[in-house]
Amino acid sequence: MILVITPEIIIPNESETINEMFREGLDLLHIRKPWINEEEMIGFINCIDHIFHPQLVMHSHHDLRKQYGVSRFHFREEDRKQEKYQPFINKSIISTSVHDIQSFNTLGKEWEYAFISPFFPSISKKGYGVDSTVKENLKERNNPNVKLIALGGIDENHIQEVFDLGADGVALLGAVWESEEPLNIFRKCRKNVLLS
């Protein structure tokens, strides 16, 4: 499974790139834009082809779910601890984030998957994840109910290693959006997984 997380701000040609990634096999798009208001979010979603709306995962503006037929929602670690996800259980597909394998192992089966990060040193946040032991600790995974999605520093050169280590999927962010050719990077990542 290959997921892409949006950049926090809206960038030029972003929705066109997203539509093209979906056409080329993107599984899910995580819309993480904490600084935009509801009107801007509506404008953003309207630019994504409606046939891909079931593959959108909202990090905010959850009240737009009925309007767009979105049934997937992501909750940050702090939101999970405050149980903000409770109204969504059994009605939606929910995911969350963790930063160590011990936290991942304690997640209940209500979670479809969880991002675990930082897997490699971050591409978009310089210096973040340099001392991370997430990758090494993956062998301690003992939670069969939740899919593990690796996040952080993953690009076309590292992507197969992530799957080889036992991750169920990857989330791409910096490799795609920090590139001059985001669509091309997505294609390379997908190709490298399909080839193996």
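Colleague: Where does Asp79 lie?

Modeller: Asp79 is part of helix H4, residues 77-81. Bear in mind that this is a predicted model.

Colleague: Is Asp79 buried or exposed?

Modeller: The way to read this is by relative accessible area, where buried means under 20%. Asp79 has 11%, so it counts as buried.

Colleague: What is Asp79 in contact with, leaving aside its neighbours within four places in sequence?

Modeller: With those neighbours set aside, Asp79 touches Lys84 and Tyr85. As for Ser97, 18 residues away along the chain, its C-alpha atom is 9.8 Å from that of Asp79.

Colleague: And which aromatic residues does Tyr85 cluster with?

Modeller: Tyr85 shares one aromatic cluster with Phe73, Phe75, Phe88 and Trp111.

Colleague: How many aromatic pairs are there by this rule?

Modeller: The rule is about distance: ring centres have to lie within 6.5 Å. The count comes to 8 aromatic pairs. One of them is Phe119 with Phe120, with 5.3 Å between centres and 80 degrees between the planes. Planes over 60 degrees apart count as edge-to-face, so that is the label for this pair.

Colleague: Are Phe119 and Phe120 buried or exposed?

Modeller: Phe119 is buried at 3% relative accessible area, and Phe120 is buried too, at 6%.

Colleague: Which ring does Lys33 lie over?

Modeller: Lys33 sits over the face of Phe44, 5.0 Å from the ring centre.

Colleague: Let's turn to the backbone. Which peptide bond is cis, with omega near 0 degrees?

Modeller: Omega is the angle to look at here. The bond from Ser117 to Pro118 has omega near 0 degrees and is cis. Pro118 belongs to the loop that runs between E6 and helix H6 (134-137).

Colleague: What about phi? Which residue has a positive phi of about 50 degrees although it is not a glycine?

Modeller: That's His61. You'll find His61 in the loop between E3 and helix H3 (65-68), and at 16% relative accessibility it counts as buried. Glu83 is another non-glycine with a positive phi, about 60 degrees. Glu83 lies in the loop between H4 and E5 and is partly exposed, at 44% relative accessibility. There is a glycine to look at as well: Gly25, just after H1, has a positive phi of about 110 degrees.

Colleague: How many of the residues of H1 are buried?

Modeller: For a helix, start with the general pattern. An α-helix has 3.6 residues a turn, so residues three or four places apart point the same way. In this model, H1 (residues 14-23) is mostly covered, with 7 of its 10 residues buried. They are Glu14, Ser15, Thr17, Ile18, Asn19, Met21 and Phe22.

Colleague: What covers the buried residues of H1?

Modeller: The cover includes strands E1 (2-5), E2 (28-31) and E3 (56-58). It also includes helices H2 (38-46), H8 (174-177) and H9 (182-195).

Colleague: Now a strand. How many residues of E7 are buried?

Modeller: Strand E7 covers residues 147-151, and 4 of its 5 residues are buried. To place a strand, look at what it pairs with. E7 runs parallel to strand E6 (residues 111-116), joined by 4 bridges, and Ile116 stands opposite Ala150. E7 is also parallel to strand E8 (residues 169-172), with 3 bridges. There, Leu151 has Ala171 as its bridge partner.

Colleague: What do E7, helix H7 and E8 make?

Modeller: A right-handed β-α-β unit, with H7 taking up residues 159-164.

Colleague: Where is His99 found?

Modeller: His99 is in the loop between strand E5 (93-98) and helix H5 (101-105). His99 is partly exposed, at 37% relative accessibility. Its C-alpha atom is 28 Å from that of Gly25, and the two are 74 residues apart along the chain.

Colleague: Let's finish with the whole protein. How many helices and strands are there?

Modeller: The protein has 9 helices and 8 strands. Its radius of gyration is 16 Å, close to the 16 Å that the globule rule gives for 196 residues, so it is as compact as a globular protein of that length. Of those 196 residues, 50% count as buried. The C-alpha trace spans about 45 × 40 × 30 Å along its principal axes. For contacts between residues at least 6 apart in sequence, 58% join residues at least 24 apart.

Definitions and conventions: Residues numbered from 1 in each chain as written. Predicted model: local features only at pLDDT ≥ 70, side-chain atom pairs only at ≥ 80, totals over all residues. Heavy atoms only, no water. Phe/Tyr/Trp six-rings, centres within 6.5 Å; stacked < 30°, edge-to-face > 60°. Buried < 20%, exposed > 50% of the residue type's maximum accessible area, 1.4 Å probe, protein only. Lys NZ or Arg CZ within 6 Å of the ring centre and 35° of its normal. Helix = DSSP H or I, 4+ residues; strand = E, 2+ residues; numbered from the N terminus. Pairing = 2+ DSSP bridges. Right-handed = clockwise from strand over helix to strand, strands pointing away. Rg over C-alpha atoms; globule rule 2.2 N^0.38 Å. Contact = heavy atoms within 4.5 Å.
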